[in-house]
Amino acid sequence: MSETGKVAGGNSATVIRLQGLSKRFGAITAVDAVSLDLYENEFFALLGPSGCGKTTLLRLIAGFESPDAGQILLDGEDLTPIKPNRRPVNLMFQSYALFPHMSVEGNVAYGLEMERLPKPEIARRVGEVLEMAQLGELRRRRPHQLSGGQRQRVALARALVKRPRVLLLDEPLGALDRKLREQMQLELKRLQHEIGITFVVVTHDQEEALVMADRIALLDGGRLAQIDSPRGLYEHPRTRFVAGFIGSMNFFEGHAAAQGVEVEGLGLLRGDLPAGLAPGSRATLAVRPERLALGSDPRRQMENNLNGEIREVAYHGQDLNLHIAVSGRATPVTLRLSSSPDPSGLAPEALTPGARVVLSWSALHSRILEA
Ligand code: ATP
């Protein structure tokens, strides 16, 4: 894996290159010196908290905003002077913006009719795309006669029929309920794979990005915090912001030592220091709740062991979160166990508030970050 999260051996010809792209609105810098490459045929997600600049970045690529600095290159050519409707890039809005008085077929055909393409070609392309989006049987319906998921597919079909090189989708699943969202995540991924064009999806939902994307750019206050594969982002966050944004994490603050982080009240917690972090400087050790185990088993080579007391047990269906108070530390540590079968080897009655436990983890699962 390279700096940009490029997956070795993947199809990785660059379609769009953003170079030092910035956009200001008055005193706010919505997008701040962002440089990244979008590859052919990849599912790319722009992720980050509200207001971090995701939509603005998408609108810059689409051409609805013009940058204050930097360039957008398509196949090496500057796109900046090219109008939105002349870019081989299509933006699908969150609201879908379907025409209510037109049938599904009419909505999908509209863009091609505006281009004055010959009627048989329009019919052929619309037919193909409706088939692919599994809308063939619904072609005569109006938008109000469709479910949320079906409307979403019409909007997608309408964008795809124009055969863009890159499809930009702003919170494409935002209007759907949770169950349908999960189903459509897989569907979107299937469609992207089948069509083989680049999808750039804006989402604030980290799980959605992890499920769908080949690569994710995480933004923080207009800046690129990290760009990586879902696994890279989850397993190897480079900053505390990234570690805290993706999934849940336990943080231990202290000072870097040769073999880990020295934490006041707890002693040395072991893990590998990243290159460039000098012993003695402020550092944070991060460890995922699912990497913690109960009990100190010398055969499992858990270098880190802490004594604690269970404060709360939260049942989540497939897993169990234990909040464990550790002496010498103000906030409880969270430990996640799969609820069945119970890998802790402890009887369920041992997992109750007040029980004394040892929690442990391997130094391999410690992630040490600057401050
Ligand atoms: P959300 O997830 O809430 O949609 P976002 O990450 O998409 O947020 P943007 O919509 O890109 O964020 O906004 C980035 C910043 O720029 C915000 O502070 C926002 O208030 C500001 N902003 C965006 N568009 C405009 C505008 N047209 N005029 C002024 N400020 C704007």
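A polar contact is a pair of N or O atoms within 3.5 Å. The exercises below use a predicted model.

## Exercise 1. The ligand and its shell

Task: Find which residues surround the ligand, and which atoms make polar contacts with the ligand.

Solution.

Step 1. List the shell. The residues around the ligand are Phe25, Ile28, Ala30, Pro49, Ser50, Gly51, Cys52, Gly53, Lys54, Thr55 and Thr56.

Step 2. Check the backbone. A polar backbone atom of Gly53 is 3.0 Å from an oxygen atom of the ligand.

Step 3. Check the side chains. An N or O atom in the side chain of Lys54 is 2.8 Å from a ligand oxygen. For Thr56, a polar side-chain atom lies 2.5 Å from an oxygen atom of the ligand.

Step 4. Ask how much is covered. On its own the ligand has 630 Å² of accessible area, and the protein covers 58% of that.

Step 5. Assign the shell to elements. Two or more residues come from each of β2 (28–39) and α1 (54–62). The most come from α1, which gives three.

Step 6. Sort by residue class. The shell holds five nonpolar residues, five polar ones and one charged.

## Exercise 2. Helix α1

Task: Decide whether α1 is mostly covered or mostly open, and name its buried residues.

Solution.

Step 1. Count. Seven of the nine residues of α1 are buried, so the helix is mostly covered under the cut-off of 20% relative accessible area.

Step 2. Name them. The buried residues in α1 are Lys54, Thr56, Leu57, Leu58, Leu60, Ile61 and Ala62.

Step 3. Connect to the ligand. Lys54 and Thr56 are also among the residues around the ligand.

Step 4. Look past the end. Gly63, just after α1, has a positive phi of about 100°.

Step 5. Set this against the whole chain. Of its 371 residues, 48% count as buried.

## Exercise 3. A buried arginine

Task: Find what the side chain of Arg329 reaches, and which side chain of opposite charge is nearest.

Solution.

Step 1. Place the residue. Arg329 sits in the loop between β17 (319–326) and β18 (333–338).

Step 2. Test for a salt bridge. Arg329 is buried, yet has none. The nearest side chain of opposite charge is Glu253, 7.2 Å away. The cut-off for a salt bridge is 4 Å.

Step 3. Look for another partner. The Arg329 side chain reaches the backbone oxygen of Thr331 at 2.8 Å.

Step 4. Follow Glu253. Glu253 forms a salt bridge with Arg240, and their closest N and O atoms are 2.4 Å apart. This pair links distant parts of the chain: Arg240 is in helix α8 (residues 240–245) and Glu253 in strand β11 (residues 250–257), 13 residues apart. Arg240 is partly exposed, at 29% relative accessibility.

## Exercise 4. Two salt bridges, two settings

Task: For Glu128 with Arg163, and for Arg178 with Glu182, say where each partner lies and how exposed each one is.

Solution.

Step 1. Start from the total. The chain has 21 salt bridges.

Step 2. Take Glu128 and Arg163. Their side chains meet in a salt bridge at 3.8 Å, N to O. Glu128 lies in helix α3 (residues 119–132), while Arg163 lies in the loop between α4 (148–160) and β7 (166–170), so the pair ties together parts 35 residues apart in sequence.

Step 3. Read their exposure. Glu128 is partly exposed, with a relative accessible area of 43%. Arg163 is partly exposed too, with 49%.

Step 4. Take Arg178 and Glu182. The closest N and O atoms of this salt bridge are 3.5 Å apart. Both residues lie in helix α5 (residues 178–195), four residues apart, about one turn of the helix.

Step 5. Read their exposure. Arg178 counts as exposed, at 57% relative accessibility. Glu182 counts as partly exposed, at 37%.

## Exercise 5. Arg231 and the overall frame

Task: Say where Arg231 lies, whether Arg231 is buried or exposed, and what the overall dimensions of the chain are.

Solution.

Step 1. Place the residue. Arg231 lies in helix α7 (residues 230–235).

Step 2. Apply the cut-off. Arg231 has a relative accessible area of 64%, so Arg231 is exposed.

Step 3. Compare sequence with space. Arg231 and Ala293 are 62 residues apart in sequence. C-alpha to C-alpha, they are 21 Å apart.

Step 4. Describe the frame. The chain has eight helices and 20 strands. Its C-alpha trace spans about 75 × 45 × 40 Å along the principal axes.

Note on methods:
Residues numbered from 1 in each chain as written. Predicted model: local features only at pLDDT ≥ 70, side-chain atom pairs only at ≥ 80, totals over all residues. Heavy atoms only, no water. Near = heavy atom within 4 Å. Polar contact = N/O pair within 3.5 Å; in protein donor to acceptor, adjacent residues only side chain to side chain. Areas by Shrake-Rupley, 256 points an atom, 1.4 Å probe, with all protein chains shown as cover. Nonpolar A, V, L, I, M, F, W, Y, C, P; charged D, E, K, R; others polar. Buried < 20%, exposed > 50% of the residue type's maximum accessible area, 1.4 Å probe, protein only. Lys, Arg positive; Asp, Glu negative; His and termini not counted.
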